[in-house]
Amino acid sequence: MIIYDEADEIFLQNVKHKSINILNNHMTKLKMQPQNILFSATFPDEVLTSIKTFFLKYQAYMIDEKDLNLKGVKLYRILVKDCKMDVIKYIYSEIDM
């Protein structure tokens, strides 16, 4: 399984840098094709066109802004100078899960 977060940025770059084609070349060498999951807050038409050329068959689940429920969501911005894993461990130790 391959998960793309901020997929709009990744596939927008495909138009400019062809980075997705490089990924596609690696994936064609695999014995089994992975499941691909894309997350993004926005999918402009240019990005959707790029995605359609990369994934021939897909299902999309779009959520309208009015349907979003963000209660309990917190945003953290942390400048990481050291090991990112140490920062992630610190964050998880500080929040209630």
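Helices here are DSSP runs of H or I with at least four residues, strands are runs of E with at least two, and both are numbered from the N terminus. By that reckoning Ser50 lies in helix H3. Before going further, keep in mind that this is a predicted model: local features need pLDDT of at least 70, side-chain atom pairs count only at pLDDT 80 or more, and totals for chains, interfaces and linings use all residues. Residues are numbered from 1 along each chain as its sequence is written, and side-chain values use heavy atoms, with hydrogens and water left out.

Let's start with the overall layout. The protein chain has 4 helices and 2 strands, and along the sequence they come in the pattern β-α-α-β-α-α. Of its 97 residues, 14% are buried, where buried means under 20% relative accessible area, exposed means over 50%, and partly exposed is in between (1.4 Å probe, protein chains only). As for contacts (heavy atoms within 4.5 Å), take those in the protein chain with a separation of 6 or more: 64% of them join residues 24 or more positions apart.

Back to H3, then. Its buried residues are Val47, Ser50, Ile51 and Phe54. These four sit on the same side of H3 because they cover an arc of only 100 degrees around the axis, the arc being that of the directions from the helix axis to the C-beta atoms. The general rule is handy here: an α-helix has 3.6 residues a turn, so residues three or four places apart point the same way. On the face of H3 turned away from the buried side you'll find the exposed residues Asp45 and Thr53. Ser50 itself counts as buried because its relative accessibility is 5%. Its C-alpha is 7.3 Å from that of Leu12, although Ser50 and Leu12 are 38 residues apart in sequence.

Now over to helix H1 (residues 7-17), which is where Asp8 is found. Is Asp8 buried or exposed? With 10% relative accessibility, Asp8 counts as buried. The side chains of Asp8 and Ser40 are joined by a polar contact of 2.9 Å. For the record, a polar contact is a pair of N or O atoms within 3.5 Å; within protein, one must be able to donate a hydrogen and the other to accept it, and residues adjacent in sequence count only if both atoms are side-chain atoms. Leaving out residues up to four places away in sequence, Asp8 touches Ser40, Thr42, Phe43, Pro44 and Val47.

Phe43, one of those partners, lies in the loop between E2 and H3. The C-alpha atoms of Phe43 and Asp8 are separated by 5.6 Å, with their positions 35 residues apart along the chain. Phe43 is partly exposed, at a relative accessible area of 21%. Apart from neighbours within four places in sequence, Phe43 is in contact with Ala7, Asp8, Leu38, Leu48, Ile51 and Met62.

One backbone detail is worth a look before you leave this end of the chain. Glu6, in the loop between strand E1 (2-4) and H1, has a phi near 55 degrees, a positive value in a residue other than glycine. Most residues other than glycine have a negative phi. Glu6 counts as partly exposed, at 44% relative accessibility.
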